[in-house]
Amino acid sequence: MSSPQNPASEAAEEAGPRPARLTAAAALTALEGLALVVGGAWVAVLGLTGHPDDRQQAVTGGVTLIVLALLPLLAARGLLGRRSWSRGPALITQIIALPVAYNLLQADSMAIPAGIALAVVAVAALVLLVNAETTRALGIRGPGNAQDQK
């Protein structure tokens, strides 16, 4: 006897395999989320063990980065599950990453390579997220196509 399946997983199975572009967009978005977690933990630990000007501000900054990591991590999980809602948070993450990358590129330090890497990841993820194949796989229809169910 077979067990009842989740209707969302059945719909994903009927739609065929997940497109590589969608998987790549999810991976890049998850990578950004993981980078935020690592950066937040690093800032928080340095705030607790180092000699910051303001220990409370350093720890708060680290915790804030970890909480902000939830957006891209949840979006990446949604993209892997072909949830149409996940594209919005993933796009927002990339759009926010671009000015951060620009600011890193303006620094005269080791932040410049990080800025280059962040800019490349954000632009690549944006291209993957707006790709027609990704949009179809997520079941997103454009304006005027709301009545075109199949």
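How many helices and strands does the secondary structure of the protein come to? The count is 7 helices and 0 strands. Please keep in mind that this is a predicted model. Here are my notes, point by point.

1. **Overall make-up.** Following the sequence, you will meet the pattern α-α-α-α-α-α-α. The protein has 150 residues, and buried ones make up 29% of them.

2. **H2 against H3.** A word on how I describe pairs: two packed helices are described by the angle between their axes and the distance between the axes. Helix H2 (residues 20–49) and helix H3 (residues 55–68) pack at about 165°, and their axes are 7 Å apart. That angle makes H2 roughly antiparallel to H3, since the term applies to angles over 145 degrees. The crossing in which H2 passes H3 is left-handed.

3. **Thr 29 in H2.** While you are looking at helix H2, find Thr 29, which sits within residues 20–49 of that helix. Its relative accessibility is 0%, so Thr 29 counts as buried. Pro 72 is 43 residues away from Thr 29 in sequence, yet the two C-alpha atoms are 5.5 Å apart in space.

4. **H4 against H5.** Helix H4 (70–80) and helix H5 (87–105) have a loop between them. The axes of H4 and H5 come within 8 Å, and the angle at which they cross is roughly 135°. H4 and H5 are therefore oblique to each other. As in the pair above, the handedness can be stated: H4 passes H5 in a left-handed crossing.

5. **H5 against H6.** Helix H5 also has helix H6 (residues 111–130) beside it, with axes that come within 8 Å and cross at roughly 155°. This pair is therefore roughly antiparallel. The crossing of H5 past H6 is left-handed.

6. **Gly 88 in H5.** Gly 88 has its place in helix H5. With a relative accessibility of 32%, Gly 88 counts as partly exposed. The C-alpha atoms of Gly 88 and Leu 129 are 9.3 Å apart, although 41 residues separate the two in sequence.

7. **Arg 82, a residue to look at by eye.** Is Arg 82 buried or exposed? Arg 82 is buried, with a relative accessible area of 12%, and the limit for that term is under 20%. Arg 82 belongs to the loop between H4 and H5. The phi angle of Arg 82 is near 60°, a positive value in a residue other than glycine.

8. **What surrounds the Arg 82 side chain.** Which side chain of opposite charge is nearest to Arg 82? That would be Glu 133, but it is 8.0 Å away, and Arg 82 has no salt bridge. The cut-off for a salt bridge is within 4 Å, so the distance of 8.0 Å to Glu 133 does not qualify. There is a backbone partner to show you, however: the backbone oxygen of Pro 17 lies 2.5 Å from a polar atom of the Arg 82 side chain.

9. **The salt bridge.** How many salt bridges does the structure hold? There is 1 salt bridge. Glu 133 forms a salt bridge with Arg 21, and the closest N and O atoms of the pair are 2.3 Å apart. Because Glu 133 lies in helix H7 and Arg 21 in helix H2, the pair ties together parts that are 112 residues apart in sequence. Glu 133 is partly exposed, with a relative accessible area of 27%. Arg 21 also counts as partly exposed, at 38% relative accessibility.

10. **Thr 135 in H7.** Helix H7 covers residues 132–137, and Thr 135 is placed in it. Thr 135 counts as buried at 15% relative accessibility. Between the C-alpha atoms of Thr 135 and Ser 84 the separation is 8.3 Å, while along the chain these residues are 51 residues apart.

Notes. Residues numbered from 1 in each chain as written. Predicted model: local features only at pLDDT ≥ 70, side-chain atom pairs only at ≥ 80, totals over all residues. Heavy atoms only, no water. Helix = DSSP H or I, 4+ residues; strand = E, 2+ residues; numbered from the N terminus. Buried < 20%, exposed > 50% of the residue type's maximum accessible area, 1.4 Å probe, protein only. Lys, Arg positive; Asp, Glu negative; His and termini not counted. Polar contact = N/O pair within 3.5 Å; in protein donor to acceptor, adjacent residues only side chain to side chain. Axes fitted to C-alpha atoms, helices over the stretch in contact; angles between N-to-C directions. Parallel < 35°, antiparallel > 145°, perpendicular 65-115°, else oblique. Left-handed = near helix turned anticlockwise from the far one by under 90°.
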